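Me: I am new to this structure and would like a close look at a single part of it. Could you walk me through that part in plain words?

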Amino acid sequence: MSGLAIPATDRPELSVVMVTLNAWEWTERALAALLEHTEAPLELIAVDNASTDGTLGGLEAVEGITLLRNPTNTGFGPAANQGALRARAPLLLLLNTDALVHPGWLPPLRAVLEAEPDVAAVAPRLLHPDGSLQEAGSILWGDAEVWPYGPTGDAAAPEFRFRRDVDYASAACLLLRRSAFVEAGGFDPAYAPAYFEDVDLCLRLWESGQRVVCQPRSEVTHAGGASSDPAARARLIERNRPILAGRWRRLLAGRPPSPVHWGPRDVLLGRDLRCDDRILVAGDFVPDGLDPALRHLLGRLVRGWPRARVTYLALDPLDAAAAAEPLLAGGVEVAWPGDAAAWLETRRHHYGLVVAASWAAASPPVRGLLDATQPLAHRAVLLDGAAPGDLAGEGYAAAVRSARLVLCAGTAARDAALVAGATGEVVLLEDAGALDRALAPLGMAPSFR
């Protein structure tokens with residue numbers, strides 16, 4: 001007997017659907033982690049696909065469970081659809097039997113759905129049992145190859161710790177609006193018994209105008225394939241990939257094929273395909289944290305352009321790891337490479353808007369590096385709280401004169417920009433409406449709803 005019990009509730013906030021097929025040891029661990037680390041009232045719906053190893057007996061011993069028994073293996077998608085039809089809560093969690101949620105896993109995911117009504121599904125970062133990264137969202141290429149983003153990478157690396165829109169996220173642990181799942185028709189049984197049904201579902205959500213997001217502040221350990229045979233898995237993947245390719249031929253035709261190598265530049269091309277705009281802000285970190293004006297700008301860009309990729313490049317890595325945490329949590333990609341020139345070279349021609357902030361604006365070598373690697377990008381500078389004498393320097397003056405947009409933290413900075421001979425539009429940073437209007441001619445209409 002498992003000794004597990006689902007707390008009784010008449011109004012569950014979360015409906016958990018778990019499809020089982022043998023592997024009771026993992027299933028029991030997944031259920032125990034779910035009950036230990038979930039505070040929201042939930043209901044658990046298990047759909048068993050004819051287990052033969054005692055899984056049914058273990059599930060029957062779970063107090064408060066809703067158990068559906070299939071006489072044969074109907075496949076993951078059809079069984080998950082069965083469970084979803086019994087769900088009562090507004091949020092639907094699809095959870096694999098070998099997925100172990102971590103403490104605090106739900107609030108970050110739930111916060112995305114509550115704050116952004118056009119997000120239909122949100123997923124955590126998936127970790128291997130050894131703690132290395134398994135997936136921070138996934139990439140779909142033009143040949144219908146699917147790549148997890150960051151497999152076996154360092155889970156602490158900043159490029160895997162910021163929220164982003166993704167082509168799709170694995171149904172190993174996927175939180176959805178139940179209404180969105182139902183309106184999309186659930187999983188297509190054409191992919192049964194398994195593989196690519198989650199890709200197809202996420203693409204249908206995107207096609208309907210909804211978004212799919214990876215929120216890495218939530219973490220889940222996923223054993224991956226704990227209840228499947230590797231050879232059978234490979235056969236199913238090869239059988240189902242042509243189904244996906246045929247169904248999404250038009251979408252895939254506009255995408256590059258999967259690269260031969262997994263280099264940063266190759267992966268970046270696919271990772272950012274879902275971004276409406278790509279914005280690079282270059283500046284520095286200081287020991288007592290980020291400059292308030294710079295923090296305000298980054299926050300405003302993320303809030304106003306949630307479908308954009310906002311990247312902050314720290315050219316001085318002093319205390320960067322500590323200063324980066326609130327930015328990563330807010331959805332800003334943060335990088336502090338040891339060699340900024342090499343990092344920018346891997347992103348040549350990648351950004352549509354480049355903002356030079358603080359001393360980066362006054363440094364001719366930095367501006368030259370940005371010009372060389374992002375020659376087609378619109379140019380902006382941020383004049384922060386520097387002393388008026390600094391703003392009068394030739395470095396700042398040259399940056400101001402060449403910028404399409406000058407963002408000013410206060411009237412003193414605005415006056416200095418005008419004195420320096422600004423030819424682009426000069427905007428006070430605190431005037432959100434003015435910032436929106438200034439960016440619109442650059443093709444950057446706010447994407448918030």
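Me: Which residues lie nearest the centre of the largest pocket, and how many residues line the largest pocket?

Reply: Happy to help. A word on the source: this is a predicted model, where local features need pLDDT of at least 70 and side-chain atom pairs count only at pLDDT 80 or more, while totals for chains, interfaces and linings use all residues. Residues are numbered from 1 along each chain as its sequence is written, and side-chain values use heavy atoms, with hydrogens and water left out.

Now to the pocket. The largest pocket is lined by 43 residues, and N96, A194, Y195, G225 and R233 are the ones nearest its centre. Two or more lining residues come from each of β1 (14-20), β7 (133-135), β9 (146-148), α6 (197-207) and α7 (230-247). Of these elements, α7 gives the largest share, 5 residues. The volume of the largest pocket is about 1,200 Å³.

Some terms will help here. On a 1 Å grid over the protein atoms alone, a pocket is an open set of points with protein on both sides within 12 Å along at least five of seven lines, a cavity is a set where a 1.4 Å probe fits but cannot get out, and lining residues have an atom within 4 Å of a point. Points are joined across faces, edges and corners, and a volume is the space filled by probe spheres set on them. Helices (H or I, at least four residues) and strands (E, at least two) are DSSP runs numbered from the N terminus.

By class, the pocket lining has 20 nonpolar, 15 polar and 8 charged residues. Here Ala, Val, Leu, Ile, Met, Phe, Trp, Tyr, Cys and Pro count as nonpolar, Asp, Glu, Lys and Arg as charged, and the others, Gly among them, as polar.

The strand β7 also leads to another residue. A136 sits in the loop between β7 and β8 (138-140). A136 counts as buried because its relative accessible area is 4%, and buried means under 20% (1.4 Å probe, protein chains only). Beyond its neighbours within four places in sequence, A136 is in contact (heavy atoms within 4.5 Å) with R125, Y149, F160, R164 and C214.

One of those partners, R164, takes us to the largest cavity, whose lining includes R163, R164 and D165. The elements giving two or more residues to that lining are β10 (164-165) and β14 (309-314). The largest cavity has a volume of about 120 Å³, and its lining divides into 6 nonpolar, 1 polar and 5 charged residues.

Terms used
Buried < 20%, exposed > 50% of the residue type's maximum accessible area, 1.4 Å probe, protein only.
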